Amino acid sequence: MAERRPIIAANWKMHKTHLEAIQAVQKLSYLLDQSDADRVEVVICPPFTALRSVQTLIDSDKLPYGLGAQDVHPEEQGAFTGAVSPLMLQALRVTYVIVGHSERRQLFGEDDALVNGKLRSVFAHGMTPILCVGETLEERDAGGTESTVTQQVRRAFDGVDAATARSVVIAYEPVWAIGTGRTAEPGDAGRVVELIRGTLASKYDDALARGIRVQYGGSVKPGNIREFMAHPEIDGALVGGASLDPEEFALIVKYR
């Protein structure tokens, strides 16, 4: 099987105006060179208001970065005030879409059925979902990590065939480690990634499960990225707060 190329994505969440986004990407382009891009796939996920600006910059300067959106509505159009459709993202040449982030689940009440609808819609419009799964602190303390993560994975892929599923990126993000400064131990995170692969293997096949890329997301910083990337099951990172500073994010991409 071909080696899985690492993928490191910057999730800026609700930060940066479109002008600040341009400045950040320009600065990042000075800090990373072609060898970094050859080794690691870099994805920038700005807020919706900055997508067009970042897309134009990536295209005009021929920057080797993927463009990602932080969310999507499953429908192509309709009376959904404030929502953004997959057609709109597709027209902006968005490559990746974050689906089921814990903040969407926890703060906005998104359930597994909605996550499944979004995942299927992203696939149907030629984009790649970054599917987020992970347990809360309460679930972890109650010994429910396995059941929670397994259920989230199984329900997310309901109705998705193997040919489609094989291109997904999955981010294991323990909810208790996001924005708290706490991180899972690389060995613990690796075991959950193995669980994710095992769940996909039981639904599809082992080749598909071994071929997909699984990121770690949970207070990733320059000081801990190398430990996570040293684990053979972990193929990258979904970076939150540390991605807002181009210098910090560049250090994460240059983790070796």
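**Stop 1: the cavity**

By class, the residues lining the largest cavity come to eight nonpolar, one polar and no charged. You're looking at a predicted model, so treat this as a tour of a prediction. To see that lining for yourself, select A10, W12, A24, V25, L28, I44, S243, P246 and F249. How much room do these residues surround? The volume of the largest cavity is about 50 Å³. A search of the whole structure turns up one cavity of 30 Å³ or more.

Now colour two helices: α1 (18-31) and α13 (246-253) each supply at least two residues of this lining. Which of the elements gives the most? That's α1, with three residues.

If you're wondering how anyone finds a hole like this, here's the idea. Rolling a probe the size of a water molecule over the atoms shows where empty space is left.

**Stop 2: the largest pocket**

Next, select F48, Q70, D71, R104 and F108. These are the residues nearest the centre of the largest pocket, out of 24 that line it. The volume here is about 600 Å³.

What kinds of residues make up this lining? There are twelve nonpolar, six polar and six charged ones. Show helices α5 and α6 too, since each supplies at least two residues of the lining. The biggest giver is α5, with four residues.

**Stop 3: the second largest pocket**

Move on to the second largest pocket, which holds about 270 Å³ of space. Select K13, I178, G179, G240 and G241 to find its middle: of the 21 residues that line this pocket, they are the closest to its centre. By class, the lining of this pocket splits into seven nonpolar, ten polar and four charged residues.

**Stop 4: helix α6**

You met α6 at the largest pocket, where it supplies at least two lining residues. Select residues 112-124 to pick out the whole helix. Here's a little check you can do in your viewer: put a distance between the C-alpha atoms at its two ends. At 1.5 Å a residue, the 13 residues should span 18 Å, and the end C-alpha atoms are 18 Å apart, which agrees.

Which residues of α6 are buried? Select D112, V115, N116, K118, L119, S121, V122 and F123. While you look at which way the side chains face, keep a general point about helices in mind. An α-helix has 3.6 residues a turn, so residues three or four places apart point the same way.

What do the buried residues of α6 pack against? Colour these one at a time: α4 (86-91), β4 (96-99), α5 (102-108), β5 (128-133), α8 (145-156) and α9 (162-165).

**Stop 5: just past the end of α6**

Step along the chain to G126, which sits in the loop between α6 and β5. Its phi is positive, about 75°. Is G126 buried or exposed? With a relative accessible area of 68%, G126 is exposed.

Keep G126 selected and add E139. In sequence the two are 13 residues apart, while in space they are 34 Å apart, C-alpha to C-alpha.

**Stop 6: two unusual backbone angles**

Most residues other than glycine have a negative phi, and most peptide bonds are trans. With that in mind, select K16, a residue other than glycine whose phi is positive, near 80°. You'll find K16 in the loop between β1 (7-11) and α1. Its relative accessibility is 22%, so K16 counts as partly exposed.

Then go to R93, another residue other than glycine with a positive phi, near 60°. R93 is in the loop between α4 and β4. What about its surface? R93 is exposed, with a relative accessible area of 53%.

**Stop 7: D235**

Finish at D235, in the loop between α12 (225-229) and β8 (236-239). Why does D235 count as buried? Its relative accessibility is 5%, and buried means under 20%.

Now turn on side chains and look for two polar contacts. One, of 2.9 Å, joins the side chains of D235 and R4. The other, of 2.8 Å, joins the side chains of D235 and R197. Leaving out residues up to four places away in sequence, what does D235 touch? Select R4, R5, P6, I7, R197, I212, R213, V214 and M229 to see them around D235.

Key. Residues numbered from 1 in each chain as written. Predicted model: local features only at pLDDT ≥ 70, side-chain atom pairs only at ≥ 80, totals over all residues. Heavy atoms only, no water. Expected span 1.5 Å × (residues − 1). Buried < 20%, exposed > 50% of the residue type's maximum accessible area, 1.4 Å probe, protein only. Contact = heavy atoms within 4.5 Å. 1 Å grid on protein atoms, 1.4 Å probe; cavity = no way out; pocket = protein on both sides within 12 Å on 5 of 7 lines; lining within 4 Å. Points joined across faces, edges and corners; volume = space filled by probe spheres on them. Nonpolar A, V, L, I, M, F, W, Y, C, P; charged D, E, K, R; others polar. Polar contact = N/O pair within 3.5 Å; in protein donor to acceptor, adjacent residues only side chain to side chain.
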